[in-house]
Amino acid sequence: MRFRVLGDVEMHVDGQLVEIGHARQRCVLAVLLVDANRPLTTETIIDRVWPDRPPQRARQTLAGYLSRLRQILAKAGAARITRRNGGHVLTVDPHTVDLHLFRHLVEQARAADDPQSADDSYRRALDLWRGEPFANLDTPWLAAARESLDGERRAAELEHFELALTRGRHREILPAVTAGAAAHPLDERLAGVLMTALHRSGRAAEALRHYANLRERLADELGADPSPPVQRLHRQILGAAPKPPAVVPRQLPTPARLFAGRSRELATLDRLLTQGGSTVVATVVGAAGVGKTALAVRWAHAVAARFPDGQIHLNLRGFDPGGIAVTTAEAVRGFLDALGVPAPRIPASTDAQIGLFRSIVADRRMLMLLDNAGDVAQVRPLLPGAPGCLVLVTSRNQLAGLIAGEGAVPLALDRLPADEARQLLVKHLGEARVAAETDAVDEIIARCAGLPLALSVVAARAATHPAFALEALSRELGEVESGLDALTAGDPHSDVRAALSWSYHRLDTSGARLFTLLGLHPGPDVAVPAVASLTGWPARLTASRLAGLADVNLLDEPAPARYALHDLSRLYTAELARLDPGSAADRTTAAERMVAHYLHTAYAAAMCLDPNRDPILLGPLPPQVLTTRFPDLEQARAWIAGEYPVLLTLIEHAARTGLDTDAWRLAWTLTDFLNRTGRWTDQARVFTIAADAAHRNDDQPAEGYAQRILARALARLGRHDEAHARLRTALLLFDKLGDPAGLAHTHLGVAWVHEQQNDHHQALRHDRHALDAFRAAGHLVGEARALNNIGWRLSESGDHRRGLAHTREALALCRRTGSRYDEANTLDTLGYVHGRLGEHGPAADYFRQAIGVFREVGHRDGEASALINLGDTCRTAGDPAAARTAWQAALTILTAIDHPRAEAVRTRLSSPSADAPPPPGGG
């Protein structure tokens, strides 16, 4: 006779399937088989068999089912149902029931002396599974038992996988492990097996990628990092895998296609290469439009081969017309990203990031081009601290502090001499055309005052009209220049503005509108879809017209299909807007379309990063706005990473220009990206803006959310007092809104911060507040966690009986919700509380239960901790042999996962008192 519950509930006699009745009768048999050879009261069976209300004559109905089952079993003769001790007992050989045979074989495998015997037992045990336990039967009790049994199967399967790894069978198990990891993406023990199998199969890159995905999921869903064992395995794979070549950044912008002159200045820069000693710093300073960036980029490209470890470029936007300069935190994080530092290795504080950056580049030869610096304070934190690097800084400021403090070599850039200005025009227009009209050329050079930017703008316009006489162009330039007197009187940049004006007024209507509207974009650069949304044109037409503006030097193209206005061009577009108030309505509508493009696209990317995230309302998409949809996570992440500088600037711009709703919504879209990349300083900055914007807008739900995320960032940065202040604000807001779930989560956050500060009294107070709020929200899992926290804290403070009551209530909720990990933690707490009460028998029982559930869910650290607690309890109860067994089992796990607690367990085992009788009075 054979009974099966690991699949359909079946009975076989002599290999033949026996009919055992309808579904409810099979439920009765399943209940008896699970507890074979143990009495079950009539009430227990009724509770387990009927899902809701049992029928009025449930006892009589059950008696009928039992009678028919007795008759079926009697024909086989190897099992029987009898009454004993006030209950019904199915007496049967447990090895004839697949469930009990499975458990026996698993224990046999665990106790086996040799790997082959263990492997055979595991295989036999797992082969008993034919599908989902109790298939086609459904009651709440059966569902809970099914989940528990599935946990036992997964634990056995994991142990079998781990045994296979020790026997070198990593390739054999890889398909099954891969499938299991996909089904259970948060199972860290299974992830470790998969990473090991991949690594040993020569697929280290896939193992490392799986770790990155695991870390991301844990952070998103649990707010946790991978466990120490998995982190340690990750480091081991990194150390053993073939080292990828060090990331060598090549970030220099494309050099100006047409460049002339500056031979003296280039020679000065060449002499920097002969300087030894510490990091070499040079400054290239001068007025706007004088060609500082063009010179620096040209020279950097010429000497790039002398810096084999890479070239870093950063536009510090020190004189950005929008007033949004790059912060130190942004800059150094950008350096670390460029150097390929993984997000997990990047520390939270800006100072620590600077230290890491300097450590990385300490033994490298690198060239750094820091463009458009505002002042010395913006540059100094970014300088490497060891020799081997050369830093080139451009600025309108003289940066005297760098010269005095860091020994920077200064290079002041003046306007081009007449002969070099003529060379530049020859580059644009050709020798013959320039030689044919020398007087007109001299006039153009004079009107442009030798400024390369102004000369390039005029020359680009002239090059597009090769039939025009240069004398006519010179005369028109003079007319425009005089017309700008009122606008530019006393402004040293008037020469450039005159050239911009001259070129602008020769654009067609569409080109002029495009140039003017680009001034609405906050920078630092812009892609075609955003400009298409700004203008309301199709993308292809927009791209063509952008290329046209770049051809006449009204736009830069720092990267393919990305465009940027020069600072002076941006100032000029602002002046155009002031001179044409009639365009205000068009500009307002265009700005709304631009913001909508970024908001809706960033929202789509954010939801791709976390599809389960609670959505927010954006409102309808305005007409003529282009958005992007992302087919996968990688493309969404790439878009956010690429547009990240723009989004940061846009959030500040939106808040500064009264678009408060857009400011906090844009911040919302960056939450996951900031969390996953560990940009805590940026997160604090962004959500400060978001909280202020929501407050101005009297949007209390948004402000509560922003304050809560801001508090998280501040706590990560070690600024606990500020975090508490923000959390207090969030509590007040959620209380005013009547949002109990928001209150509960915020209280748990407050409790966590207090616990980090060792203020357990305040932690307990906020856990209690969280409990009340979770109950008000009907949030059962949260309620269980809060109860468990409270139970532990009460017992820790000596109030064991109340602690026990809270923890028992937590356990009931855990089992009701099926939260097995929370159940394991709560069982462990119950063992702790009973131990503090001196009730060592119940304490040991709860610890054993916790060990089983921790093992089932694959939490080896928790399993080891519960084993230590069990050993301590057995020692106190006077059973040193049992204590040693538990401690040794814990040590085996802790040693395998290289846990720091292993040494403390070794100390327990080696202590002479380990085998001594317990002290009087227990404890």
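**Entry 1: around helix α13.** I looked first at Gly340, which comes just after α13 and takes a positive phi of about 75°. I note that the model I am reading is predicted.

I then turned to α13 itself, which spans residues 328-338. I found eight of its eleven residues buried, so this helix is largely enclosed by the rest of the structure. The buried residues include the charged Glu330 and Arg333, and also Ala329, Ala331, Val332, Phe335, Leu336 and Ala338. I looked up what the buried residues of α13 pack against, and I recorded two strands, β7 (311-315) and β8 (367-373), together with the helices α14 (350-361), α29, α31 and α32.

**Entry 2: helix α30.** I next examined α30, residues 660-669. Nine of its ten residues are buried, so α30 is also largely enclosed by the rest of the structure. Among the buried residues I listed Trp664, Trp668, Leu666 and Arg665, as well as Asp660 and Asp662. The cover over the buried residues of α30 includes α28 (584-609), α29 (633-656), α31 (671-677), α32 (680-696) and α33 (700-716). I noticed that α29, α31 and α32 appear in the surroundings of both α13 and α30.

**Entry 3: the whole protein.** I recorded 43 helices and 13 strands. Of the 923 residues, 52% are buried. The C-alpha atoms fill a box of roughly 120 × 60 × 55 Å along the principal axes. Among contacts with a separation of 6 or more, I noted that 66% join residues 24 or more positions apart.

Finally, I looked up the charges: there are 104 positive and 107 negative side chains, and the centres of the two sets lie 5 Å apart.

Methods
Residues numbered from 1 in each chain as written. Predicted model: local features only at pLDDT ≥ 70, side-chain atom pairs only at ≥ 80, totals over all residues. Heavy atoms only, no water. Helix = DSSP H or I, 4+ residues; strand = E, 2+ residues; numbered from the N terminus. Buried < 20%, exposed > 50% of the residue type's maximum accessible area, 1.4 Å probe, protein only. Contact = heavy atoms within 4.5 Å. Charge placed at Lys NZ, Arg CZ, Asp CG, Glu CD.
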